[in-house]
Amino acid sequence: MTSWLPEQDITFFAPSDAALSAVPPSVLAQLSKNATLLQDVLKYHVVSALKMAADLQNDELLATLLSGAQLRTNIYKNGQVITAEGSVVSKPDLKASNGVVHVIDKVLYPVPTMSVPILLTFDKDLNNLGFLAFQAKLIDKLQGRSCRVVFCS
């Protein structure tokens with residue numbers, strides 16, 4: 001058993017084979033060369049709690065095994081459609097001996113690594129918004145929220 005993986009009561013939002021095939025080759029190459037990054041991506045798909053589809057809530061934030069990272073679930077069409085970080089759950093509630101698997105249609109990446117103010121500072125398309133947030137004294141309020149960053153090519 002992998003040391004970071006709990007032995008019981010996990011929920012794994014597992015990308016389908018088609019989802020894995022859709023990952024760009026440059027990202028797959030980066031993941032295959034960097035075991036730590038690969039583990040981080042996998043940890044981001046796992047919640048250390050048993051969450052059947054009926055237990056998931058709209059706009060719920062679930063703590064993942066990746067330290068400090070949360071995964072957002074949403075419920076649409078009166079419970080007919082469930083998403084995890086925008087990825088549609090195509091096969092929910094596949095029971096396993098140590099938890100449950102929900103098959104999703106995308107790999108959840110990139111993993112959140114920057115706070116909003118840092119992302120606003122370093123993304124060339126968001127510098128002006130970052131400056132406005134600074135002027136409006138919103139940086140402290142934005143600090144605790146995570147954003148997505150892209151993998152390097």
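**A tour from D59 to the surface patch**

Begin by selecting D59, which at 47% relative accessibility counts as partly exposed; keep in mind throughout that the model on screen is predicted.

With D59 still highlighted, add R72, because the side chains of these two residues meet in a salt bridge, at 3.4 Å from N to O. D59 sits in the loop between β2 (46-47) and β3 (60-63), whereas R72 belongs to strand β4 (residues 70-76), so the pair ties together parts that are 13 residues apart in sequence. R72, like its partner, falls in the partly exposed class, with a relative accessible area of 33%.

How many salt bridges does the structure hold? There are two, and the other stop is reached by selecting K51 together with E60, whose closest N and O atoms are 2.7 Å apart in a salt bridge. Are these residues buried or exposed? K51 counts as buried at 17% relative accessibility, and E60 also counts as buried, at 15%, since the cut-off for that class is under 20% relative accessible area.

For the last stop, leave the charged pairs and select L129, F131, L132 and F134, which form a nonpolar patch on the surface and together have about 450 Å² of accessible area. To place one member of this patch in the fold, colour helix α5, residues 127-135, in which F131 lies. F131 is partly exposed, with a relative accessible area of 47%, and it meets the patch criterion of over 30% relative accessible area.

Terms used:
Residues numbered from 1 in each chain as written. Predicted model: local features only at pLDDT ≥ 70, side-chain atom pairs only at ≥ 80, totals over all residues. Heavy atoms only, no water. Patch = residues over 30% accessible without salt bridge, like charges linked within 9 Å, V, L, I, M, F, W, Y side chains within 5 Å. Areas by Shrake-Rupley, 256 points an atom, 1.4 Å probe, with all protein chains shown as cover. Salt bridge = Lys/Arg side-chain N within 4 Å of Asp/Glu carboxyl O. Helix = DSSP H or I, 4+ residues; strand = E, 2+ residues; numbered from the N terminus. Buried < 20%, exposed > 50% of the residue type's maximum accessible area, 1.4 Å probe, protein only.
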